[in-house]
Amino acid sequence: TDKARDWALDGDTIYFPTGEYQITNAGDEGVTFVSRKSLSLMGDGHDKSMIRRVGSTNRWAVLTNCRDTLIEGLGFNRNGHTDYGGVTFYSALGATIRHCRAFDPSPPQAPTHDLYPFVFGIGGTMSKHVLIEHCIIEDLQLEVDHADGVLIQKNKVYRSKTTASIG
């Protein structure tokens, strides 16, 4: 994932074929992308292309000042982490997340913080034009903060944790 991040240019697709990909101790932020345009992260399906957190990494990925981002057909395994997590967007302009699954197969624990698969956090500007559809979210929460023009449709959420917020 680090090589893909370093080599990805505007308009590129980072493809995750069937298999499991571990995000390990890549720092608190996981894999980071800054100021990319039309970047796609694509897999063979949420039950086939799995990204799993291991070690102390708090997030799978952080995308800052990115435009027209697509995340599709990926599974995200939280793997028992109890702090924050997920794919975090700051100052996004056009972000689509579809046909993904975010889950935690570990035994339930009392969360110490919010537990989310995708979040639009406070950046330099408000994120705009966000679409989250046809996703499955299990044992986590869905949180969209600091975003405008958000459409969340045709998702399934099971056993939501802590809160679910859209603000």
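What follows walks through the sheets, the core and the charged pairs of this predicted model.

The strands sort themselves into open sheets. One of these has 6 strands, running in the order β1-β4-β7-β10-β13-β16 with parallel pairing. At its edges sit β1 and β16 (147-153), each of which pairs on one side only. Going from one strand to the next, the twist averages 10°. Inside this sheet, β4 (residues 40-43) and β7 (residues 67-72) run parallel and share 3 bridges, with Met42 standing opposite Glu72 of β7.

Another open sheet is built from 4 strands, again with parallel pairing, in the order β3-β6-β9-β12. Here β3 and β12 take the edge positions; each has a single partner strand, so one side of each is left without a neighbour in the sheet. The twist in this sheet averages 15° from one strand to the next. β6 and β9 pair in the parallel sense over 4 bridges, and Thr64 has Tyr90, in β9, as its bridge partner.

Turning to the interior, the largest nonpolar core counts 34 residues, and the ones with the most contacts inside it are Ile71, Phe76, Val87, Phe89, Ile97 and Phe120. Several strands feed this core with at least two residues each, among them β1 (13-16), β9 (87-90), β10 (93-98) and β13 (127-133). Ile71 makes a handy viewpoint: setting aside neighbours within four places in sequence, Ile71 touches Leu41, Phe76, Val87, Phe89, Thr96, Ile97, Arg98 and Cys100.

That leaves the charged pairs. The structure holds 3 salt bridges. In one, Glu20 meets Arg52, with the closest N and O atoms 3.0 Å apart. This pair ties together distant parts of the chain, Glu20 lying in β2 (residues 19-24) and Arg52 in β5 (residues 49-54), 32 residues apart. Glu20 has 47% relative accessibility and so counts as partly exposed, while Arg52, at 19%, falls under the 20% limit and is therefore buried.

Arg98, one of the contacts of Ile71, also forms a salt bridge with Glu133, the closest N and O atoms being 3.1 Å apart. Glu133 belongs to β13 and Arg98 to β10, and the two are 35 residues apart, so this pair too links distant parts of the chain. Glu133 is buried at a relative accessible area of 9%; Arg98, at 23%, is partly exposed.

In the remaining pair, the side chains of Glu138 and Arg101 meet at 2.5 Å, N to O. Glu138 is in β14 (residues 136-138) and Arg101 in β11 (residues 101-103), 37 residues apart. Glu138 is buried, with a relative accessible area of 14%, whereas Arg101 is partly exposed at 21%.

Note on methods: Residues are numbered from 1 along each chain as its sequence is written. This is a predicted model: local features need pLDDT of at least 70, side-chain atom pairs count only at pLDDT 80 or more; totals for chains, interfaces and linings use all residues. Side-chain values use heavy atoms; hydrogens and water are left out. A nonpolar core is a set of buried Ala, Val, Leu, Ile, Met, Phe, Trp, Tyr and Cys residues joined through side-chain atoms within 4.5 Å. Buried means under 20% relative accessible area, exposed over 50%, partly exposed in between (1.4 Å probe, protein chains only). Contact means heavy atoms within 4.5 Å. Two strands pair if DSSP finds at least two bridges between them. Axes are lines fitted to C-alpha atoms, for helices over the stretch in contact, and angles run from 0 to 180 degrees between N-to-C directions. A salt bridge is a side-chain nitrogen of Lys or Arg within 4 Å of a carboxyl oxygen of Asp or Glu.
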